[in-house]
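Here is a note for a colleague who is meeting this structure for the first time. The points are numbered, and each can be followed with the structure in view.

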Amino acid sequence: MTPPLFDAVIHAPGRLQICALLSGVEQAEFALVRDAIKVSDSVLSKHLKQLEEAGHIRLTKAAGNGRQRTWLSLTPAGRTAFAAHVAELQRLAQGIGLPPQGPVPAR
């Protein structure tokens, strides 16, 4: 099991959605991801640049049908980082590691 570890690069909503989408597939085309998370090309490109610089994703360009297409995939390190980030979010949501609290006083 991947130990919980918060990842600030992944945590931004758009990048979290990208990683979640890519975690379920081997690769996805740029346009599919853009449409799935409902952002513009430029916004998606900015998110992808940050994820790529962190080593979380790989971009592959391939010509097809007279145009260049960009394919996105999580790197092995990216898959590990995403799994650790999700584990940390689950840990936080469950309140694991917090001191026990007594009953909330009535107002």
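1. A residue is called buried when its relative accessible area is under 20%, exposed when that area is over 50%, and partly exposed in between. By that rule Ile37, with a relative accessible area of 9%, is buried. Please keep in mind throughout that this is a predicted model.

2. As for the overall layout, the chain has 5 helices and 3 strands, and from the N terminus on these elements follow the order α-α-β-α-α-β-β-α. The chain has 107 residues, of which 30% are buried. Its accessible surface comes to about 7100 Å², and carbon and sulfur atoms account for 58% of that surface. When contacts between residues at least 6 apart in sequence are considered, 56% of them join residues that are at least 24 apart.

3. To return to Ile37, this residue is found in helix α3. What does Ile37 touch, if residues up to four places away in sequence are not counted? The answer is Gly14, Gln17, Ile18 and Leu44. With Gly14 in particular, the separation is 23 residues in sequence, while the two C-alpha atoms are 7.1 Å apart in space.

4. Two of those partners, Ile18 and Leu44, reappear in the largest nonpolar core, which has 16 residues and in which Ile18, Leu22, Val33, Leu44 and Leu48 touch the most other members. The elements that give two or more residues to this core are α2, α3, α4, β3 and α5, the last of these spanning residues 76-93. As a general background, nonpolar side chains in soluble globular proteins tend to be buried together. Leu22 may serve as an example of a core member followed outward: leaving aside residues up to four places away in sequence, Leu22 touches Ala28, Val33, Ile57, Leu72, Ser73, Leu74 and Arg79.

5. Helix α4, at residues 41-53, deserves a separate look. It has 13 residues and reaches 18 Å from its first C-alpha to its last, which is close to the 18 Å expected at 1.5 Å a residue. Its buried residues are Leu44, His47, Leu48 and Leu51. Seen down the axis of α4, these buried residues fall within an arc of 100°, so they line one face of the helix. The face turned away from the buried side carries the exposed residues Lys46, Lys49 and Glu53.

6. Against which elements do the buried residues of α4 pack? They pack against α1 (8-11), α2 (13-23), α3 (30-37), β2 (57-64) and β3.

7. Two backbone positions beside α4 are worth checking. Just after the helix, Gly55 takes a positive phi of about 85°. In the loop between α3 and α4 lies Lys38, which has a positive phi of about 55° although it is not a glycine. Lys38 counts as exposed, with 71% relative accessibility.

8. Turning to charged pairs, the structure holds 5 salt bridges. In one of them Arg69 pairs with Glu29, and the closest N and O atoms are 2.8 Å apart. Arg69 lies in strand β3 (residues 67-74) and Glu29 in strand β1 (residues 28-29), so this pair ties together parts that are 40 residues apart in sequence. Are these two residues buried or partly exposed? Arg69 is partly exposed, with a relative accessible area of 22%, whereas Glu29 counts as buried at 15% relative accessibility. Both belong to a network of salt bridges that links Glu29, Arg67 and Arg69.

9. A further residue to inspect is Arg34, which forms a salt bridge with Asp35, the closest N and O atoms being 3.0 Å apart, and also one with Asp41, where the corresponding distance is 2.8 Å. Arg34 counts as partly exposed at 21% relative accessibility. Asp35 is partly exposed too, with a relative accessible area of 49%, and Asp41 is likewise partly exposed, with a relative accessible area of 39%.

Note on methods
Residues are numbered from 1 along each chain as its sequence is written. This is a predicted model: local features need pLDDT of at least 70, side-chain atom pairs count only at pLDDT 80 or more; totals for chains, interfaces and linings use all residues. Side-chain values use heavy atoms; hydrogens and water are left out. Helices (H or I, at least four residues) and strands (E, at least two) are DSSP runs, numbered from the N terminus. Buried means under 20% relative accessible area, exposed over 50%, partly exposed in between (1.4 Å probe, protein chains only). Contact means heavy atoms within 4.5 Å. Accessible areas come from the Shrake-Rupley method with a 1.4 Å probe; for residues, only the protein chains shown count as cover. A salt bridge is a side-chain nitrogen of Lys or Arg within 4 Å of a carboxyl oxygen of Asp or Glu. The expected span of a helix is 1.5 Å times one less than its number of residues. The arc is that of the directions from the helix axis to the C-beta atoms. A nonpolar core is a set of buried Ala, Val, Leu, Ile, Met, Phe, Trp, Tyr and Cys residues joined through side-chain atoms within 4.5 Å.
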